[in-house]
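This report examines how charged side chains pair and how neighbouring strands are arranged. The structure is shown first.

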Amino acid sequence: MKPAHYVNGVFTTTGAAFPLISPIDGSRLGVVPEAPRDVVDAAVRAARSAIAGPWGRTSVEERCVFLRRIADGIEARFDAFVDAEVADTGKPRELASTVDIPRAIGNFRAYADLAYGRPERAYPTTVPGWSGSGQALNYTVRRPLGVVAIISPWNLPLLLLTWKVAPALAAGNTIVAKPSEETPSTATLLAGVIDEAGLPAGVFNLVHGHGADAAGEHLTSHPGVDAIAFTGASATGAAIMRHAADHVTPVSFELGGKNPALVFADADLTEAVEGTVRSSFTHSGQICLCTERVYVQRPVFEEFVAALAERTRALTDYGPMISAEHRDKVLSYYRLGVEEGATVVTGGGVPVFGDERDGGFFVEPTILTGLPESARTVREEIFGPVCHVAPFDDEDEAVRLANDSRYGLAATVWTTDLSRAHRVAPRVEAGIVWVNCWNLRDLRTPFGGVKASGIGREGGEYSLDFFSEPVNVCVKI
Ligand SMILES: NC(=O)c1ccc[n+]([C@@H]2O[C@H](COP(=O)([O-])OP(=O)(O)OC[C@H]3O[C@@H](n4cnc5c(N)ncnc54)[C@H](O)[C@@H]3O)[C@@H](O)[C@H]2O)c1
Ligand SMILES: O=C/C=C/C=C(\O)C(=O)O
């Protein structure tokens, strides 16, 4: 299915076409339509009229039927979704088929379960000396926000789009979604599944295009938008927030990170090395949860670095950066690291495969050591397959190093001392701390970051809270 907008139940390719490039070999995969302002406006108006129509009067049970139908529709086209995700992102097929697409299906099913089963509170109130019975009943009901703008990134395109679409629909909203310009294909397939699922026209709308001064900005600055759910870079979040301020539009932000790993001398080192290879190099470091700073207790520092380097050198099936521009950005940090005094333990350049991949956007998985905490390479998000490893001596120093960042999204702690784990994890300034594991996900848990890593939480009731407004009703008895 070629990338197309989906507005008011109709697929269109209105707008200037821009090329879709394969990250694997640099070839042209096709073209993507850039939604002009009037297409974005038509999408917002379609969403507004849909929520004023039958969709706005559906019950949560009826909406959960649609969520399950969408999940079944993705499942029925599983391979097409995997093929499209691999083509757009270049990620290994194994990753798309075990994480991205299964999680998209799981997102819809999880929110069908969560929304249907979610209780609301009631409070029997007594007011002594009050006229009548002196009784009242306070109870909470929830209303949808209205028209929700969803802006998603290129690294886990379908997973992160559906992570917002599912709860937004479960809560009764209508949606205008804009996926990344780098990865339009699975979003278009999703629109096809939603269309076949019979969602009323205008409930889900999809527009393609770039961000700043383009479709993304047209959408997030649109006065007809009632809320914005965004995942992407912190700088982009700040730009969106400036527009949201004009209309006091509520925002949910999942932003950047510079995630630390803390490896204590009492850790199971094999487990810590394997876990840090996964957390640093899965999807070539292009996951917001990936580790870019590793702190290892001094007695095991050399042993850990040597083992990590050996495992990293053995990596073969890794994917490319999403674009030539992002590849160049990551390589510029490799050069900066050396300029700032880093030792390149392994990697630091571009692999030579001797096949079509040499036309793609690959960089070597890289380990750096020897930099001060003040180095830009240690402080700035790179979003590639690279981590800097530094020693620490005691627990307080480890926590201080982990927290010395403008970001606070995720962290890993590796220790076999469970008292230490329970002491350290809550002290780390992050939204998510994994102990002796990484990216182990329970969709009911809060997901998101502190500081420059985000505003609010997704996951479970946290998403349902963001995508709905509680109304307290007080009835005098
Ligand atoms: N916290 C998380 O869950 C999470 C998940 C994935 C990616 N990220 C972050 O996203 C970044 C990489 O993804 P990216 O390059 O797609 O991010 P990005 O911010 O460049 O783009 C994300 C989306 O925002 C749109 N956009 C860009 N500028 C915009 C503007 N001014 N107004 C409206 N929309 C705009 C883009 O078109 C895209 O759809 C990294 O910083 C990464 O840490 C965070
Ligand atoms: O890239 C950043 C976000 C990743 C989210 C997940 O991997 C998830 O929700 O499981």
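A residue counts as buried when its relative accessible area is under 20%, as exposed when that area is over 50%, and as partly exposed in between. The model discussed here is predicted. By the first of these cut-offs glutamate 458 is buried, because its relative accessible area is 2%.

**Salt bridges**

Side chains of opposite charge can pair when their charged atoms come close. In this model the count comes to 26 salt bridges. Three of them are set out below.

| Acidic residue | Basic residue | Closest N to O distance |
|---|---|---|
| Aspartate 83 | Arginine 93 | 2.7 Å |
| Glutamate 458 | Lysine 164 | 2.6 Å |
| Aspartate 396 | Arginine 427 | 2.9 Å |

The side chains of glutamate 458 and lysine 164 meet at 2.6 Å, N to O. Glutamate 458 occupies the loop between strand 21 (454-455) and helix 15 (460-466), whereas lysine 164 belongs to helix 5 (residues 157-170), so their salt bridge ties together parts that are 294 residues apart in sequence. Is this pair buried or exposed? Glutamate 458 is buried, at 2% relative accessible area, and lysine 164 is buried as well, at 0%.

The salt bridge between aspartate 83 and arginine 93 has its closest N and O atoms 2.7 Å apart. This pair links helix 3 (residues 78-89), which holds aspartate 83, to helix 4 (residues 93-116), which holds arginine 93; the two residues are ten residues apart. Aspartate 83 is partly exposed, with a relative accessibility of 41%. Arginine 93 is likewise partly exposed, at 41%.

In the salt bridge of aspartate 396 with arginine 427, the closest N and O atoms are 2.9 Å apart. Aspartate 396 lies in helix 13 (residues 395-403) and arginine 427 in the loop between helix 14 (418-424) and strand 19 (432-435), 31 residues away in the chain. Arginine 427 counts as partly exposed, at 40% relative accessibility.

Salt bridges also form a network, which links Arg118, Glu120, Arg142, Glu461 and Asp465.

**Strands 18 and 19**

Strand 18 (residues 410-414) pairs with strand 19 in the parallel sense, over four bridges. Valine 413 has valine 435 of strand 19 as its bridge partner. From strand 18 the chain passes through helix 14 to strand 19, forming a right-handed β-α-β crossover.

Which side chains of strand 19 are buried? The side chains alternate along this strand: Ile432 and Trp434 point to one face and are buried, while Val433 and Val435 point to the other face and are not buried.

Terms used
Residues are numbered from 1 along each chain as its sequence is written. Chains are lettered from A and ligands numbered from 1 in the order in which they are written. This is a predicted model: local features need pLDDT of at least 70, side-chain atom pairs count only at pLDDT 80 or more; totals for chains, interfaces and linings use all residues. Side-chain values use heavy atoms; hydrogens and water are left out. A salt bridge is a side-chain nitrogen of Lys or Arg within 4 Å of a carboxyl oxygen of Asp or Glu. Buried means under 20% relative accessible area, exposed over 50%, partly exposed in between (1.4 Å probe, protein chains only). Two strands pair if DSSP finds at least two bridges between them. A crossover is right-handed if, with the strands pointing away from the viewer, the path from the first strand over the helix to the second runs clockwise.
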